[in-house]
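Student: I'd like a close look at one part of this protein, and I'm mostly curious about its charged pairs. Could you walk me through them once the model is up?

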Amino acid sequence: MLSLPKIFTMNYISIDNISKAFSDKLLFENISFGIEKGEKTALVAANGTGKSTMMKILVGKEESDKGSIAYNENIRIGYLEQLPQFDPDLTIQDVISTGHTDIMSVIQRYEKALTEHVDDNNVATKKELEQAIAQMDGLQAWSYEQRLKQLLYTFEITDLSQKIGTLSGGQVKRLALALVLLDDPDILFLDEPTNHLDMGMIEWLEKYLTQSTKTLFMVTHDRYFLDRVCNKIFELYQGTMYVHNGNYDYYVRKSREREENKRIAAERAGQLLKHELEWMRSTPQARTGKAKARIDAFYDLQEKAKMRRDNNELQFGADMQRLGGKILEMDRVSKSYGDITVLKDFDYIFKKGERIGIIGKNGIGKSTFLNMITGNENPDSGTIVTGQTVAYGYYTQKGIKFDERKTVLETIKDIAEVIHYGKDKVYTADQLLAHFMFPYPMHRQQVALLSGGEKRRLYLLTVLVANPNFLILDEPTNDLDLLTLQKLEDYLRSYKGCLLVVSHDRFFLDETVDQLFVFEGDGKVKGFMGNYSQYHEYIENKNKEEKRELAAQKQEARTEKPATTERKKKRSYKEQQEYEQLTKDIAALEIEKEELTLKMEQQLDYQELEKIGSRISEITELIDEKELRWLELDEI
């Protein structure tokens, strides 16, 4: 962490006039803002403008070229990188136990001080031990083991002997997130926290952060996440920081208002520019003695009018190849890897214009399904027949390996120098790049100099320029900025071919698909007509209905009413015995529940932890049942 001055206000962090450039590329200049206690803030900006760099500067991983950052006294920072890095040769247990968290470092300091105090009981070692105990108290490190088990269980990390190098990107992200939350910091810095997480985990994190009182500063493209978690948006746009005191929906409204005002101002400037240009082109003699202020104002006006031409966006319509009657037919397709069944007897005939989203947990086989469709993997059994007119466009999670020595323009020209859209529209490669938010100065830039998000955008362009009539997108929203996502959604809404999307971005799915393939595991895939929000509402209502039916069945079984409606005035002998036994049973169950709750704080393996958790749930249900019966008997 950088050694920075401390501040003593409600501001946790104050940023004053920081700037950063790499070589001749200026990311941002003279940026100032503050992060106050309790705020949940997001930073939004286009790819390549320095979001991740700014976050690294704020947490002390990099230094700004100029300016200063002041931290409030004694705040603790937790930082989740966009791509967490661990030694691939270490096991998960090694990572946990070798001080990758502040709490673990404090525990190790305490254990060391305790050992030295026992071996050498003098004043110095006693003082070190007292300091270590105070730190343990301050971080609530005594309950570290219990919190660690609960978090790892929540994040589905159960095999601590696994080496980091064998984990998927999602598993590494979940491990890093668990370690950050375990530290219980005062302020969380999260760089794309939802990338590589499945929907269940995203919704858990969304709920956790919404209910938490922690201060939060994050970069994310997940718009539902932004809208539901954040109460403040910092927008870095063309080198200026705009502050929006509200959620994502409020930010969208205000930024659109600002852009509309700029557009109107640019149009007015363009009209006035014609008159001023005539004056500027007049003979030098005519301008002799003219006010210098008017000449300066002309150049300002020229810059305003230029804004209309510099607003390059993705705004083209595709003229795709004709799609025949036979598109794609899958007949009793099955696929397994060892004991894991990815697909079992799957049947489906794809039709023109279908827009299908694929959802399910990580590692359940969604990408394998796409690879079988495109012929990159073979099914174990069944047939996959693709129509002769089908031209796939496949955007994969792994992306492609660019020749990074080539320029951005050369990369597109390798696919096509001229692209036709419709009867009259023809785009050159450089025009298309400009429409895709690659300004002309970037066209001669080597691919190696692009940011991660800019490379993903370039890759997406290489897929779309081929005019596929069957578009397959595997996690297209990862690492793309919000503007690119909005324009991609606009493009897909007008797309006439077949669309198949794997995504954990709920907003993106709601905007682009009208039916789902739900991968449930063990080779089962269920269809659902509707977008993700409609599916989520359906599942919630279904779960509520099942709970109501179960409760009604239990109630009906408990309350077998006597033939007469007259209330009994006295319990029978058997009922009195049952009444007394219920009192004892409830007390015994309460004791067992308390003992099991305490036992969960001990060092247990995950199987035992899961067993105890299951038993506590059973006891809770039993207590509810017995208390209800006790109340019935108590009324007699």
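Student: Let's start with Arg 493: what is its relative accessible area, and is the residue buried, exposed or partly exposed?

Tutor: Keep in mind that this is a predicted model. Arg 493 has a relative accessible area of 41%, so the residue is partly exposed. Its partner is Glu 511: the two form a salt bridge, with the closest N and O atoms 2.6 Å apart. That contact links distant parts of the chain, since Arg 493 belongs to helix 16 (residues 482-493) and Glu 511 to helix 17, with their positions 18 residues apart in sequence. Glu 511 comes out at 33% relative accessibility and therefore counts as partly exposed too.

Now stay with helix 17, but move to Arg 506. Here the side chain meets that of Asp 222 in a salt bridge, 3.5 Å from N to O. This pair also links distant parts of the chain: Arg 506 is in helix 17 (residues 506-512), Asp 222 is in the loop between strand 8 (215-219) and helix 8 (223-229), and the two are 284 residues apart. What about burial? Buried means under 20% relative accessible area. Arg 506 has 1% relative accessibility, so it counts as buried. Asp 222 also has 1%, so it counts as buried. Nor is this pair on its own, because Glu 206, Asp 222, Arg 228 and Arg 506 are linked in a network of salt bridges. For the wider tally, the structure holds 25 salt bridges.

One more pair makes a good contrast. Glu 354 forms a salt bridge with Lys 351, and their closest N and O atoms are 3.4 Å apart. Glu 354, at 9% relative accessibility, counts as buried, whereas Lys 351 is partly exposed with a relative accessible area of 46%.

Next, the nonpolar side of things. In soluble globular proteins, nonpolar side chains tend to be buried together. The largest nonpolar core here has 42 residues, and Met 218 and Leu 226 touch the most other members. Helix 6 (residues 169-182) gives this core its largest share, 9 residues. Leaving out residues up to four places away in sequence, Met 218 touches a list that includes Thr 41, Leu 43, Met 55, Leu 190, Phe 225 and Leu 226. Apart from that core lies another one, of 41 residues, and Tyr 491, Tyr 495 and Phe 508 are among them.

A quick stop at Ile 157, in the loop between helix 5 (144-154) and helix 6. At 6% relative accessibility, Ile 157 counts as buried. Its C-alpha is 9.4 Å from that of Ala 178, and the two residues are 21 apart in sequence.

Last, there's a sheet to trace. Three strands make up an open sheet in the order 12-11-14, with antiparallel pairing. Strand 12 (340-350) and strand 14 (381-386) are at the edges with a single partner strand each, so one side of each has no neighbour in the sheet. From one strand to the next, the twist averages 20°. Strand 11 (residues 328-337) and strand 14 run antiparallel and are joined by 5 bridges; Leu 328 stands opposite Thr 386 in strand 14. Helix 12 (residues 366-373) packs on this sheet, touching strand 11, strand 12 and strand 14, and its direction makes about 130° with that of strand 11.

Notes
Residues are numbered from 1 along each chain as its sequence is written. This is a predicted model: local features need pLDDT of at least 70, side-chain atom pairs count only at pLDDT 80 or more; totals for chains, interfaces and linings use all residues. Side-chain values use heavy atoms; hydrogens and water are left out. Two strands pair if DSSP finds at least two bridges between them. Helices (H or I, at least four residues) and strands (E, at least two) are DSSP runs, numbered from the N terminus. Axes are lines fitted to C-alpha atoms, for helices over the stretch in contact, and angles run from 0 to 180 degrees between N-to-C directions. Contact means heavy atoms within 4.5 Å. A salt bridge is a side-chain nitrogen of Lys or Arg within 4 Å of a carboxyl oxygen of Asp or Glu. Buried means under 20% relative accessible area, exposed over 50%, partly exposed in between (1.4 Å probe, protein chains only). A nonpolar core is a set of buried Ala, Val, Leu, Ile, Met, Phe, Trp, Tyr and Cys residues joined through side-chain atoms within 4.5 Å.
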